[in-house]
Structures are given as structure tokens and as C-alpha cells.
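Trainee: Before we discuss this chain, I would like to hear the reasoning behind each label, with values set against the cut-offs that justify them.

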Amino acid sequence: QVQFVESGGGLVQPGGSVRLSCVVSGIIFSRNIMGWYRQVPGKERELVARIFENGSPVYSGSVKGRFTISRDNAKNTVYLQMNSLKTDDTAAYYCNKFPATSWGQGTQVIVSS
């Protein structure tokens, strides 16, 4: 079965940076579009970035220019480099296929001074 293990979240000040990692198992990683999603309590989970099998990225308007998604097919790992963080970026972050399947535990990012 597919598994997603996210890590790298934490407390960061506005304007700061953090790098999330997600190790994936149970699928042929290199043949899947991978995405990073986030969810705030009381709101629907949203897709913030996805990366195609060839490494091409697509970003939501709210993170474009600040976040960078990347992948390492040899390590079955997808990354999200988050720069110029804003308080609105506070959320639980999850990686998944695109379209999504079952969810991992996610990693919490809190942007606060």
C-alpha cells in the first residue's frame, strides 16, 4: 500500500524559510505526478504545488515565486522549499500523488513571530 512520510515542519518567523521532505513507498514513484497539499482547520485541503514525472512544476497562485517543489526519483522523495513565508502559510502540509490517494500524517508549519 502507498505510504507518505512527511517531515521538516516547525515554527518559523514571517519571512523565513523551511524545507519539507516526503518519502514515498508503495508506488512506482518516478511514474507519478507528485503534489504538496495543505490544510487549515475548517477549510478544505488545497493543492499548492505539483511536479510532473519529468520534473516540471506547477504552483498555485498563492505560493508561486516563493515555494519550489522538487523530486529525487532515486530516493523516492519529494521536497518543498518554502521561502518568504507568511502567516497565511500556517497549515498542515501533506504530500501525495496527483490526483491524491490515501493521506499520511502530514507535517505542521506554523509561521508566527
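Trainee: What makes β1, β3, β8 and β7 an open sheet, and in which sense do the strands pair?

Mentor: In this predicted model, the 4 strands follow the order β1-β3-β8-β7 with antiparallel pairing, and the edge strands, β1 (3–7) and β7 (67–72), each pair on one side only. Neighbouring strands of this sheet are turned by 15° against each other on average, with direction ignored.

Trainee: How do you know that β3 and β8 are paired, and over how many bridges?

Mentor: Pairing requires at least two bridges between the strands, and β3 (residues 18–25) and β8 (residues 77–82) have 6 bridges in the antiparallel sense, so the criterion is met. Within this pairing, C22 has V78 as its bridge partner in β8, while V18 stands opposite M82 in β8.

Trainee: Over how many bridges do β1 and β3 pair?

Mentor: β1 and β3 pair over 5 bridges, also in the antiparallel sense, and Q3 has S25 as its bridge partner in β3.

Trainee: Why is T77 in strand β8 called buried or exposed?

Mentor: T77 has a relative accessible area of 6%, and buried means under 20%, so T77 is classed as buried. Not counting residues up to four places away in sequence, T77 touches S21, C22, V23, F29, S70, R71 and D72.

Trainee: What makes the approach of the T77 side chain to the backbone oxygen of K75 a polar contact?

Mentor: The distance is 2.8 Å, and the cut-off for a pair of N or O atoms is within 3.5 Å, so the distance condition is satisfied.

Trainee: How many salt bridges does a search of the whole structure find, and why does the pair R38 and E46 qualify?

Mentor: The search finds 3 salt bridges. For R38 and E46, the closest N and O atoms are 2.8 Å apart, and the definition asks for a side-chain nitrogen of Lys or Arg within 4 Å of a carboxyl oxygen of Asp or Glu, so this pair is counted.

Trainee: Why are R38 and E46 given their accessibility labels?

Mentor: R38, at 6% relative accessibility, counts as buried because the limit is under 20%. E46, at 33%, is partly exposed because this label covers values between the buried limit and the exposed limit of over 50%.

Trainee: What links D89 to R38, and where in the chain do the two lie?

Mentor: Their side chains meet in a salt bridge at 2.9 Å, N to O. The pair links distant parts of the chain, with D89 in the loop between β8 and β9 and R38 in strand β4 (residues 34–39), 51 residues apart; both D89 and R38 are buried.

Trainee: What is the distance between the closest N and O atoms of R66 and D89, and what joins R38, E46, R66 and D89 into one network?

Mentor: R66 forms a salt bridge with D89 at 2.7 Å between the closest N and O atoms; R66 lies in the loop between β6 (57–59) and β7, 23 residues from D89, and both R66 and D89 are buried. Salt bridges that share partners join R38, E46, R66 and D89 into one network.

Note on methods:
Residues are numbered from 1 along each chain as its sequence is written. This is a predicted model: local features need pLDDT of at least 70, side-chain atom pairs count only at pLDDT 80 or more; totals for chains, interfaces and linings use all residues. Side-chain values use heavy atoms; hydrogens and water are left out. Axes are lines fitted to C-alpha atoms, for helices over the stretch in contact, and angles run from 0 to 180 degrees between N-to-C directions. Buried means under 20% relative accessible area, exposed over 50%, partly exposed in between (1.4 Å probe, protein chains only). A polar contact is a pair of N or O atoms within 3.5 Å; within protein, one must be able to donate a hydrogen and the other to accept it, and residues adjacent in sequence count only if both atoms are side-chain atoms. Contact means heavy atoms within 4.5 Å.
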